[in-house]
Structure formats: structure tokens, C-alpha cells
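Open the model in your viewer and show side chains as sticks. The tour goes from one selection to the next.

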Amino acid sequence: QVQLVESGGGLVQPGASLRLSCVASGGTFDSYVLGWFRQAPGKEREFVALVSRSGGATSHADSVAGRFTASRDNAKNTAYLEMSSLKPDDTGVYHCAAGRIIATRENEYSYWGQGTLVTVSS
């Protein structure tokens with residue numbers, strides 16, 4: 001099994017940057033696609049970004065394209081979500097998830113972290 005632990009969230013002002021980290025243990029890290037999802041208060045969880053097993057391919061939701069970058073360091077069993085030009089609409093609990101295929105649907109991911117809260121407010 002894979003255990004995932006996110007960190008790096010916090011309260012920031014609009015326009016600020018944050019880097020979220022997702023540390024994996026208990027499995028073969030490079031066997032998994034790493035996805036990032038977020039859930040705003042009162043809203044459904046939505047896809048944010050993903051990074052392929054090798055880190056050579058990424059995909060990002062239209063709402064974050066150009067501002068967020070997903071990456072990974074397989075030697076450290078860690079995935080990252082670098083966020084810049086943050087907006088209030090980016091507020092939510094951010095989860096990393098591990099799955100076997102490249103997909104934007106959350107039901108394609110088998111393992112989930114506990115989430116880290118990002119609040120963007122002036």
C-alpha cells in the first residue's frame with residue numbers, strides 16, 4: 001500500500017506563491033501517477049494537476065494552467081505542486097493521490113493523502 005502525506009498549505013494573500021509537497025511511503029513510488037485535487041468549502045472535489053510516473057508529462061486544469069506546476073522527485077518519493085499568482089478561488093483543501101493511469105477523474109486514484117488547507121484571502 002501507499003501512504004501519502006501532504007504539507008505546505010497555509011494562509012496567503014492573493015498573488016502569493018506556495019509549494020505543496022506530497023511524501024509517499026509504503027509502495028513503489030515511480031509506479032504511480034500522482035494527481036492533485038482540491039475541494040473548496042461547499043463544493044465538490046475537482047482535478048487540479050497530475051504528473052506522470054517519470055515526471056516527463058504533466059496535465060493541469062484550465063483554471064490553473066500557467067500558474068500551477070506539478071512535478072516529482074522519485075529519488076525522494078515526493079511530488080510537488082508549485083502554485084503562483086494565487087487567487088481567492090484557489091482556496092480549498094488540496095489532496096495528492098496516487099493512481100495507475102493518467103486520468104483526471106478522482107475514481108481512478110487508489111490512494112489519497114489527508115489534505116492540506118490553502119486559504120487565499122486579503
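Start with Ser-21, which sits in strand β3. This is a predicted model. Is Ser-21 buried or exposed? Ser-21 has a relative accessible area of 14%, and the cut-off for buried is under 20%, so Ser-21 counts as buried.

Now show what surrounds Ser-21. Beyond its neighbours within four places in sequence, Ser-21 contacts Val-5, Glu-6 and Ser-7. Trp-36 is also in contact with Ser-21, as are Thr-78, Ala-79 and Tyr-80.

**Strand β1**

Select residues 3–7, strand β1. Its side chains alternate. Leu-4 and Glu-6 point to one face and are buried. Gln-3, Val-5 and Ser-7 point to the other face and are not buried.

Add residues 18–25, strand β3. β1 and β3 run antiparallel, joined by 5 bridges. Pick Leu-4 and look across: Ala-24 in β3 stands opposite.

**The disulfide**

Which residues does the disulfide join? Select Cys-22 and Cys-96: their sulfur atoms lie 2.0 Å apart. The model has 1 disulfide. The angle about the S-S bond is 65°, and the link of Cys-22 and Cys-96 is right-handed. Trace the chain between the two ends. Cys-22 belongs to strand β3 and Cys-96 to strand β9, residues 92–99. They are 74 residues apart, so the pair links distant parts of the chain.

Check both ends for exposure. Cys-22 has a relative accessible area of 0% and is buried. Cys-96, at 1% relative accessibility, is buried too.

**The nonpolar core**

In soluble globular proteins, nonpolar side chains tend to be buried together. Here the largest nonpolar core has 33 residues. Select Trp-36, Val-48, Phe-68, Leu-81, Met-83 and Tyr-94, the residues with the most contacts inside this core.

Now colour by strand. Each of these supplies at least two residues of the core: β3, β4 (33–39), β5 (46–51), β7 (68–73), β8 (78–83), β9 and β11 (116–120). Which strand gives the largest share? β5 does, with 5 residues.

Finish on Phe-68. Leave out residues up to four places away in sequence, then show its contacts. Val-48, Leu-81, Met-83 and Tyr-94 are among them. Phe-68 also touches Arg-38, His-60, Glu-82, Ser-84, Leu-86 and Asp-90.

Methods. Residues numbered from 1 in each chain as written. Predicted model: local features only at pLDDT ≥ 70, side-chain atom pairs only at ≥ 80, totals over all residues. Heavy atoms only, no water. Buried < 20%, exposed > 50% of the residue type's maximum accessible area, 1.4 Å probe, protein only. Helix = DSSP H or I, 4+ residues; strand = E, 2+ residues; numbered from the N terminus. Pairing = 2+ DSSP bridges. Disulfide = S-S within 2.5 Å. Core = buried A, V, L, I, M, F, W, Y, C linked by side-chain atoms within 4.5 Å. Contact = heavy atoms within 4.5 Å.
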